[in-house]
Amino acid sequence: MNKPAEAPEQFDAVVVGAGFSGLYMLYRLRQLGLTVKAFDSAGDVGGTWYWNRYPGARCDIPTTDYTYSFDPELEKEWTWSEKYATQPEILDYLRFVADRYGLRADIEFSTSVTSAHWDEQGKRWSIATDRGAQLRCRYYIMASGCLSMPKSLDIKGTDRFAGKVYFTSQWPHEGVDFTGQRVAVIGTGSSGIQSIPLIARQATQLTVFQRTPNFSVPAHNGPAPADRLARLAQDREEYRDAARWSPGGVPVEPTDILGVTASETVARERFEEAWKQGQLFSILGIFADQGVNPASNKIVADMIRERIRSVVHDPETADMLCPKDHYFGTKRPCLDTGYFETYNLPHVRLVDLRRQPITSITEDGIDTADEFFGLDAIVYATGFDAMTGALAAVNATGRDGLSLTEKWAAGPSTYLGLMTAGFPNFFMITGPGSPSVLSNMAVSIEQHVDWVADCLKDMGAEGFETIEPTPLAEAGWDQHVRDCGAITLHPTANSWYMGANVPGKPRVFLPYIGGVSVYRQACDDVVAQDYLGFRRTGPGGERCRDGVIRRMQPDVSLVLQLMAGLGMPPMETLSPDEARAMMAAAAETLPPSPEVGEVTDGMMPGPGGELPYRLYRPASAGPHPVVVYFHGGGWVLGNLDSDDPLCRDLCVQSDAVIVSVNYRHAPEARFPAAAEDAFAALQWTAAHAGELGGIPGQIAVAGWSAGGNIAAVACQLARDAGGPHVSGQLLITPVTDSDMTRPSYTENGDGYVLTTPLMHWFWDYYADPADRSDRRAAPLRGNLDGLPPACVVTADFDPLRDDGLAYADALEAAGTQVRRVRARGHTHTSVTMVGVIISGAPVRAEIAAALRDFFPSRTSLGN
Ligand SMILES: Cc1cc2nc3c(=O)[nH]c(=O)nc-3n(C[C@H](O)[C@H](O)[C@H](O)COP(=O)(O)OP(=O)(O)OC[C@H]3O[C@@H](n4cnc5c(N)ncnc54)[C@H](O)[C@@H]3O)c2cc1C
């Protein structure tokens, strides 16, 4: 007779993993009075520090920081022996934590969770293990690690080798003695770089097979840094709080020095200081722009390469060890102890797999195209299927049978890296889309665990049983994660951050690079807004406040914060002269503008006297189409210098001559002076196009803000006057009407540089109320028939957004071809901040493409 199947054990929560994450999660869930079962395929607690026992394994975040902070008593009871503790010491620490809080009682070791299915009816997860256990739980929490799934080997013949084989990620507990052996290490990531110097001490012959050289800096290990210890001793909680609200989870003072503007002496001094400190966040933070600006990054990378060359005696080996195919920091940099020096030892050799690929591993060694290496042992330091590997291995099935791998086929999609839509009550600790591997993970883990525990507590208090993100909130977060990555150099690298080390893995930037503090704030804001973007259900019904937590481009919000910190007075409280002086002072701090072929200043006649203009000619052979450009500044502010970076950018990207015109300003010359000057400038430029290096008949107008206003007006006047012919009008966040009751004036009226009160201030200086409905002030009110094709740019966080949209709608209704460019996540001013706001670059590229499209193909003209 068949034994009746045992009813599955019931728990409130199942936790997968007993490393840093799982242990703390278990602790917090127990505090809430929940019944919990944890599993780990390892034989004991420790996670990363249980498995990675290779020689030289250490943390690369100072141990004073890479530690739990949730219990001050725990901190008093444990003292780290070194700046960077070794694996055995970190494992001892985690064992100590497990014992101190009696956590082992709820953990089943040497047991893997193999499947997890959501039962929608019962509102429970069904969990199965490789030991045949079946469980039911309400909350399923993967604390399964970002770097816990070793990457599978993709080298031919690996199973043929008759010698000893070791994986750094699954190192034998009894250790390995390589004395007298010929050893190969394959891989020069962090594990390879840490283990190679120690393996070299024992082996008679060591061959290192390197696919990609990595940047590594000396750890200068020793006692824990005295300044850190002193700070901790003085005020532990202040120190821990500073870490929680820091960019990387370690309290370091971020710099505002830019590599592109720093003198050579300053650059060298900052590098030497960071080098001396031997800390990742120091060397990654030499310049504020080294993660986003190739030129700045190169300064740091060159100095590291210089160090490698100064250490390694053989120039050819040194060259092979110098990373050249990625920007510094876009792959995880390493901290080492004597790594590069190891290559000076006579029995150590480096093989570049790009020049000399492995053809096969054989019974007794490694074969390459032109050489055979006889071996006694091979060490694979080949890395991990990072961030998603362990999650995909269980491949949970959510609502309607949707599997996680199916959902994530094109890359992971999460809300805050904590949850994913379609998988109720399924939480990830340091999941993709959270700071995780880019941060001090001890800090990030505590934050995630605390968030989850607090969320479950809130749910209990409010009578909810399930929680799940909405598709809208998740898509918004995914977009934000991508936006943050896109402004950095990271997506250019073939790194494990990008999934590039695992064949077939989608190429997506996996972690959140906005920073630990910014991320923490987003998580807190979600809770403060009644769990924005989460749907919670319970016997009493459902609650969901749907929405997107971060819509602004990350660099735009950073600049807004910086500006807010300067405490500048609102512009509308100043006189025009004071406002002009403030703008001029701000312009002085801008980075260098793009190079163009030629820049010349000149004067052109205008209705009220001569008008200064600046002409930008592309470097390519002319003649070129011509764009007459009008700067922004509410008809009161701005000049040729204020919009110089934008004009250069437009010139380079659209390959057109730009003629930037300094029209008359209010209050000295009120309405309709600016509009009249704009039309006159268009007429003069059209008449002199050939002399200016332009193609006669190929003239467009462009303008930003108030400049967009007079550009639109100039088009209407040209149509009415029967010429000149205008090929197109580019209106960047233009003023098109004097009616300030449209919703964007309320939604975006304050906090985004251009405010609604400031718009009133501009109008008051520019035009009498009676004139404001004149079509030369409010082109939206004019006749829009027969106007040239338009490109209208609108920004999400702009009081003028609806002005632009209304004009685009009206032009289209009148039969004009309109290209709409939405500057997603931008303000009125951010799109034009060339060299400052990186996320504006794709928008400006689209604008330039629109400009080019105004003109017939230059190739068809025989250029
Ligand atoms: C060599 C190395 C050095 C590192 N150094 C640092 C450092 O200096 N600073 C830093 O911030 N981070 C470092 N990290 C990252 C490190 O992984 C984290 O700091 C941290 O240890 C992660 O803890 P965790 O509990 O989230 O995951 P892990 O420690 O990876 O633990 C996850 C556990 O889940 C178990 N598991 C996974 N799937 C299943 C399953 N299906 N069933 C059962 N069990 C499962 C695994 O066996 C593992 O034990 C390092 C990583 C490595 C590999």
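**Strand pairings, ligand shell and unusual backbone geometry**

Strand S14 (residues 365–368) and S15 run antiparallel and are joined by 3 bridges. Here strands (E, at least two residues) and helices (H or I, at least four) are DSSP runs, numbered from the N terminus, and two strands pair if DSSP finds at least two bridges between them. The model is a predicted one, in which local features need pLDDT of at least 70 and side-chain atom pairs count only at pLDDT 80 or more, while totals for chains, interfaces and linings use all residues. Residues are numbered from 1 along each chain as its sequence is written, and side-chain values use heavy atoms, with hydrogens and water left out.

Within the pairing of S14 with S15, Gly365 has Gly374 of S15 opposite it. Both strands belong to an open sheet of 3 strands, ordered S13-S14-S15 with antiparallel pairing. Strand S13 (358–361) and strand S15 (372–374) are at the edges with a single partner strand each, so one side of each has no neighbour in the sheet. From one strand to the next, the twist averages 15°; for such angles, axes are lines fitted to C-alpha atoms, for helices over the stretch in contact, and angles run from 0 to 180 degrees between N-to-C directions.

A further open sheet of 3 strands follows the order S18-S19-S20, again with antiparallel pairing. At its edges stand strand S18 (466–469) and strand S20 (541–544); each has a single partner strand, so one side of each is left without a neighbour in the sheet. Neighbouring strands in this sheet are turned against each other by 15° on average, direction ignored. Strand S19 (residues 534–538) pairs with S20 in the antiparallel sense over 4 bridges, and Arg536 has Arg543 in S20 as its bridge partner.

A parallel arrangement comes next. Strand S27 (residues 790–797) and strand S28 (residues 818–827) run parallel and are joined by 7 bridges. Val793 stands opposite Val821 in S28. Between the two strands, the chain passes from S27 through helix H25 (residues 801–813) to S28 in a right-handed β-α-β crossover. Right-handed means that, with the strands pointing away from the viewer, the path from the first strand over the helix to the second runs clockwise.

Attention now turns to the ligand. It is surrounded by 32 residues, the closest being Ser21, Thr48, Asp60, Tyr66 and Met441; a residue counts as near if one of its heavy atoms lies within 4 Å. The shell divides into 16 nonpolar, 14 polar and 2 charged residues. In this grouping Ala, Val, Leu, Ile, Met, Phe, Trp, Tyr, Cys and Pro are nonpolar, Asp, Glu, Lys and Arg are charged, and the others, Gly among them, are polar.

Several N or O atoms of the protein approach the ligand. A polar side-chain atom of Tyr66 is 2.5 Å from a ligand oxygen atom, and an N or O atom in the side chain of Trp51 is 3.1 Å from an oxygen atom of the ligand. From the backbone, an N or O atom of Val113 lies 2.9 Å from a ligand nitrogen atom. The protein buries 95% of the 970 Å² that the ligand exposes when taken alone, with accessible areas from the Shrake-Rupley method and a 1.4 Å probe. Helix H1 (20–31), helix H2 (48–51) and helix H15 (441–462) are the elements giving two or more residues to this shell, and H2 provides the largest share, 3 residues.

Some backbone details complete the picture. Most residues other than glycine have a negative phi, and most peptide bonds are trans. The bond joining Gly622 and Pro623 is cis, with omega about -5°, and Pro623 sits in the loop between strand S22 (611–617) and strand S23 (624–630). Another cis peptide bond runs from Phe671 to Pro672, with omega near 5°; Pro672 lies in the loop between strand S24 (657–661) and helix H21 (673–687). His220, a residue other than glycine, has a positive phi near 45°.

Key: A polar contact is a pair of N or O atoms within 3.5 Å; within protein, one must be able to donate a hydrogen and the other to accept it, and residues adjacent in sequence count only if both atoms are side-chain atoms.
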